[in-house]
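Here is a structure to read through, one question at a time. Each answer sets a computed value against the rule that gives a feature its name.

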Amino acid sequence: MDWNFIIFSLVKIAIVVGVVQGLVAYSVLAERKISAWIQDRVGPNRTAPPFMKFVPGGQFLTRLGIFQPLADGLKFMFKEDFTPAGVKKIYFFLAPAVSVIPAMLTVAVIPFGSYLGAQKMVIADLNVGILYTFGIVSMGVYGIVLAGYAANSKYPMFGGIRSSAQMISYEISMGMSVIPVLLIVGNLNLSQIISWQSNHGWLVVYAPISFIIFMVASFAETNRTPFDLPEAETELVGGYHTEYGSMKFALFFLAEYSNMVSSSAMMVTLFFGGWTLPFWGLDHAATSLGLGIAQIFVFLAKMLFFMVVFIWVRWMFPRFRYDQLMDLGWRRFLPLALVNILITAVWLWLRS
Amino acid sequence: MAVVVNRKSLTFWEKLYLPAIVGGLKVTLKHAYNTLILRKVVTMEYPEQKWTLPTGYRGAPYLVKDQDNNTKCVSCQLCEFVCPPKAIRITPPGEHGQQADRTNAEKMPAEFEINMLRCIFCGFCQEVCPEEAIFLQQDYSLTGLSRGEMIYNKEKLLSLGGEVGGIQKWKNKLDEAKAQESFPVKL
């Protein structure tokens with residue numbers, strides 16, 4: 001065993017998990033703020049530790065709601081962890097974990113930077129990165145179904161059933177949409193995909209339809225509006241997590257937002273060149289420390305852009321009806337993805 | 001009878017959802033621009049900003065003093081009697097109690113309490129008062145740390161109430177009565 005490898009991996013895991021958690025917390029804030037702006041409101045702007053009055057700029061940060069996630073987190077932690085009487089206990093306890101773990105695992109293969117010193121900025125540089133991601137993402141549905149089943153209550157059950165059908169349907173179009181990318185690049189390794197993009201330009205130019213399908217499918221996979229049927233508050237009381245409270249509910253929340261983070265990261269990696277930018281020498285693996293850090297920030301910035309798109313779309317669209325959702329998944333996107341594969345394959349064949 | 005309303009079939013362009021998506025983007029962006037850049041916010045940040053109350057707003061009832069800083073209340077207990085939630089409690093001065101501090105009054109209350117937790121701001125006390133000694137004023141956010149604190153006594157009510165000089169009620173009643181002599185009533 002290479003101790004160096006273990007130590008550096010552990011450090012990377014700790015940092016990445018921390019950053020993802022922070023992103024989750026602050027994307028909840030962003031969600032609230034952006035929704036407020038879109039709806040002509042101001043959003044959370046009061047929460048602050050008492051000494052913030054005396055700190056210069058503290059007032060501005062308070063208005064921005066910077067301390068709101070702390071309060072939210074504390075609230076979740078100090079709430080009573082209530083278990084309703086009728087639930088199936090084992091599954092009820094298992095479900096939040098089962099939905100959080102896959103959500104956190106997806107980030108493992110995503111290259112969030114090129115090199116920092118001699119360290120590759122990816123936790124696990126798998127040769128089957130994309131397959132791994134799809135495998136893990138498809139596990140996310142179990143947590144939701146389990147939660148719906150364990151709650152022993154009608155509406156969570158509905159949410160669970162809806163999500164199982166929805167996520168499984170959209171996984172197919174999601175998987176199909178990535179195949180043209182693989183055809184073009186000829187590699188499943190995400191780092192290789194990024195380095196191909198740094199040489200040839202972003203893949204969104206080569207496979208725009210793939211990108212659109214992937215994006216819509218990832219909205220469906222993460223249960224975001226317009227496909228948030230599993231947690232349609234207006235129809236299902238709350239959705240699959242109706243019977244959950246305190247930290248267990250927070251875990252579902254965490255899972256949803258980490259899924260958002262990881263699918264934004266996937267979109268950036270697959271279609272928008274990952275950590276590369278076509279100028280300022282950021283398009284090739286970093287040789288200096290500063291450049292490496294800059295590339296990490298490039299990656300984060302691109303990812304945050306997609307996070308904002310996720311949130312923005314939520315406050316723009318009404319929810320799809322269930323049959324429309326299924327129709328869109330099976331009868332529109334699946335054929336479109338297949339045709340897309342065919343066209344890409346023919347184009348590549350003609351060019352070779 | 002059931003009527004079937006035929007839906008307009010969508011054109012190919014509309015079926016792509018693209019016009020709707022672009023429309024939605026435009027609307028939400030416009031609103032975000034309005035709030036962020038133009039600062040057109042509908043939120044009223046309550047404790048700092050407050051409503052301008054309309055005249056005739058019925059807030060908390062307070063006792064008032066007359067122009068000579070004397071208690072107007074004569075402890076007739078009409079308000080206590082009329083109060084629907086029984087929020088008012090008046091302790092009369094009794095036979096050998098304190099004299100009224102103004103002329104034209106036989107007595108004044110030894111104690112006058114309004115339980116603001118019970119008060120429903122209905123305004124019956126103001127309406128029934130023959131001396132115009134109690135008025136519903138503009139306060140609406142009454143807070144306290146205990147139930148006891150929310151029972152306002154005479155001193156507190158008088159200090160909060162301020163001063164309303166003269167008794168206009170009978171004059172007003174007279175005007176009302178005169179106005180009602182002719183038909184249609186002009187007020």
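Q: What makes the length of helix α4 of chain A close to the expected one?
A: In this predicted model, α4(A) covers residues 89-105, which is 17 residues. The expected span is 1.5 Å times one less than the number of residues, which gives 24 Å for this helix, and the 25 Å from its first C-alpha to its last is close to that value.

Q: Where in α4(A) does a kink lie, and which proline follows shortly after?
A: The kink, of about 30°, is placed at Ala95(A), shortly before Pro96(A). The bend is the angle between axes fitted to the seven residues ending at a position and the seven starting there.

Q: Which residues of α4(A) are called buried, and what covers them?
A: Buried means under 20% relative accessible area, and in α4(A) the residues that count as such are Phe92(A), Ala95(A), Pro96(A), Ser99(A), Val100(A), Pro102(A), Ala103(A) and Met104(A). The kink position Ala95(A) is therefore one of the buried residues, as is Pro96(A). Among the elements that cover them are α1 (3-38), α5 (129-150) and α11 (246-271) of chain A.

Q: Why is Ser75(B) called buried?
A: The cut-off for buried is under 20% relative accessible area, and Ser75(B) has 1%, so the residue counts as buried. Ser75(B) lies in the loop between β1 (61-63) and α3 (78-82) of chain B, and, not counting residues up to four places away in sequence, touches Ile90(B), Pro92(B), Pro93(B), Lys107(B), Met108(B) and Pro109(B).

Q: Why is Tyr17(B) called partly exposed?
A: Partly exposed lies between buried, under 20%, and exposed, over 50%; Tyr17(B) has 34% relative accessibility and so counts as partly exposed. Tyr17(B) sits in the loop between α1 and α2 of chain B, and, leaving aside neighbours within four places in sequence, is in contact with Phe320(A) and Leu328(A).

Q: How do you know which chains supply the lining of the largest pocket?
A: Lining residues have an atom within 4 Å of a point of the pocket, and elements of chain A and chain B each supply at least two of them: α9 (208-221), α12 (289-314) and α13 (322-351) of chain A, together with α1 (12-15) and α2 (18-36) of chain B. The pocket holds about 1600 Å³ of space and is lined by 38 residues, with Lys15(B), Leu16(B), Tyr17(B), Leu18(B) and Ile21(B) nearest its centre. Of the elements, α13(A) gives the most, seven residues, and by class the lining has 28 nonpolar, one polar and nine charged residues.

Q: What makes a space a cavity, and how many cavities of 30 Å³ or more are found?
A: A cavity is a set of points where a 1.4 Å probe fits but cannot get out, whereas a pocket is open; a search of the whole structure finds four cavities of 30 Å³ or more. The largest cavity has a volume of about 160 Å³ and a lining of 17 residues, of which Val137(A), Met174(A), Glu221(A), Asn259(A) and Ser263(A) lie nearest its centre. The largest share of that lining, five residues, comes from α5(A), and by class the lining has eight nonpolar, eight polar and one charged residues.

Conventions: Residues are numbered from 1 along each chain as its sequence is written. Chains are lettered from A and ligands numbered from 1 in the order in which they are written. This is a predicted model: local features need pLDDT of at least 70, side-chain atom pairs count only at pLDDT 80 or more; totals for chains, interfaces and linings use all residues. Side-chain values use heavy atoms; hydrogens and water are left out. Helices (H or I, at least four residues) and strands (E, at least two) are DSSP runs, numbered from the N terminus. Buried means under 20% relative accessible area, exposed over 50%, partly exposed in between (1.4 Å probe, protein chains only). Contact means heavy atoms within 4.5 Å. On a 1 Å grid over the protein atoms alone, a cavity is a set of points where a 1.4 Å probe fits but cannot get out, and a pocket is an open set with protein on both sides within 12 Å along at least five of seven lines; lining residues have an atom within 4 Å of a point. Grid points are joined across faces, edges and corners, and a volume is the space filled by probe spheres set on the points. Ala, Val, Leu, Ile, Met, Phe, Trp, Tyr, Cys and Pro count as nonpolar, Asp, Glu, Lys and Arg as charged, and the others, Gly among them, as polar.
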